[in-house]
Every structure is written in structure tokens, then in C-alpha cells.
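Biologist: I'd like to learn how to read salt bridges in a model. Can you walk me through some?

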Amino acid sequence: MKIIHIIFFFVFFTVCGQTEIDAMNSLIVKRIESKKGIGLEEVSRLLEEQTELQSIDLLNWKEFPYRPEVKFRIAHSNNQIWLKYYVNEQNILADRTEVNGSVSRDSCVEFFFDPLGDGSYYNFEFNCIGTPHLAYGPDRHTREFVNPKKIERLIEIKSSLGSRPFKEKGGGHQWEMTIVLPAEILTSHKDIKLKGLTSRSNFYKCGDDTSQKHYLSWNPVGTERPDFHRPEFFGTLIFE
């Protein structure tokens, strides 16, 4: 029996000569039973064994046609969100090493998460060597950074590319990243419980400074220009 259902609903309409898409994906986030404090290798194994691959493959803006192959798995356990990304792209870049720096300019994967579906969200961003960026707020311009020391203490990250920075490399590259996000990192939602929660979210892949600039999403984004900070275009996450 499939435990993850993707529901696509497309409504096309035209406003001022522009065609827009109103669409929503819905994803059931499996609950995995596990011991507390297991390592990232065990998290990766359990995700591989018990969850299904999802794709980040939507091209929302014709000006940026490059489409690397990007997939992910997601689950939750012991009030943690588990994520694993799989990326196959032509060029990789990892120039940023400072927490809360501009990691979206590198080869980057992102998870935007609105826990209560009220329009305020966390933007989890990770370049391909695992440098994190995290803030919270209702839109692009009204955001509060989460304390870097708390990010480093609470979030677990492992990239197959290691953690050392490098300039852009061409020739085609495959990389993976496993991430554990404890509920405590949701600093504006004290004592939140993931089990049974219905939330809003989107998953992204980007690379502003790479030779093949790209902007992919899991749920469609109906803006004129690339803009991931648009919670009205998030899909739905239903935590078992």
C-alpha cells in the first residue's frame, strides 16, 4: 500500500494576458520508529528502506531552462524531521562556509516549512557541503535569523561531498545529503509536536552563481520571476 500520495490539481486562468497555475501537491510524511540519538548513517538507511523518492523537477520560469536531476526522501521520528536529497548536476559550487550566509548562490537545496500553515515559515537552505542558512518570518523581507550557535548545535548534516569549500567544478557530479531537523530548531514554535501535524511546505534546488543558473521546485510557483519566498504556493505535508 502506498504511504505517500501525490495529488496534482491544476487550474489555468489568464490575468492581463499572463497564464498562471494554481496547483497543490500533498505529501504524507511517514513516521519511522527508531531509537533516539541514532546517527546520520542509520537515518539514511531507514529513509532508503521505508520512504519513497519524490522529485524536485518543476521549471517555473522559461528564462532558466536548466533542469538538474533532484530527488528527496522525507520522514519524521522522535519529533525530528529527516531529509535526504539526491542531486545530479553538471556544475557544483561550494564557496560559502558561514552559517546563515548566502548559500543559495552555491549549489543549494532548500526546504521551506510553514508548521501551522499560517503563512509564516522557516527557510532551511543548505549548500552542497552542508553550510546551513535558517530564518523565520512571513515573507522575504520580514525574516529573523535563527542563532547560528543553535543551528550548529541542533541540526545534523552530512554531505557526500564533505564540508570543505571549493570553486565551481564542471564535468557532471552526483551528490547526496542527509539532514536531521529536531523540532527544537523551530524556535518560534516552542513545544510543537510533529505527529499528526498538517503543515505547508515547498522543496527547492537552486544555484545563483553556478554557470547554469537554475530554480527548481516541488510544488509549482506562479510568480513572474524566480521567488521561493511565496508561502501561498506551498504544498501540504501531513505528518503521520
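Modeller: Let's go through the salt bridges here, pair by pair. Keep in mind that this is a predicted model.

Biologist: How many salt bridges does the structure hold?

Modeller: There are 15. To call one, look for a side-chain nitrogen of Lys or Arg within 4 Å of a carboxyl oxygen of Asp or Glu. Take Arg31 and Glu33: their side chains meet with N to O at 2.9 Å.

Biologist: Is Glu33 buried or exposed?

Modeller: Exposed, with a relative accessible area of 57%. Its partner Arg31 counts as partly exposed at 34%.

Biologist: Now one in a helix. What separates Arg45 and Glu42?

Modeller: Both sit in helix 1 (residues 40-50), and because they are 3 residues apart there, about one helical turn lies between them. In their salt bridge, the closest N and O atoms are 2.4 Å apart. Arg45 is partly exposed at 36% relative accessible area, and Glu42 is partly exposed too, at 29%.

Biologist: And which residue does Arg105 pair with?

Modeller: Asp209, with the closest N and O atoms 3.4 Å apart. Arg105 is in the loop between strand 8 (92-94) and strand 9 (108-114), while Asp209 is in the loop between strand 16 (198-206) and strand 17 (215-217), so this pair ties together parts 104 residues apart in sequence. Arg105 is partly exposed, with a relative accessible area of 36%, and Asp209 counts as partly exposed at 36%.

Biologist: Which residues are linked in a network of salt bridges?

Modeller: Glu48, Arg73, Lys84 and Glu176 are joined that way.

Definitions and conventions. Residues numbered from 1 in each chain as written. Predicted model: local features only at pLDDT ≥ 70, side-chain atom pairs only at ≥ 80, totals over all residues. Heavy atoms only, no water. Buried < 20%, exposed > 50% of the residue type's maximum accessible area, 1.4 Å probe, protein only. Helix = DSSP H or I, 4+ residues; strand = E, 2+ residues; numbered from the N terminus.
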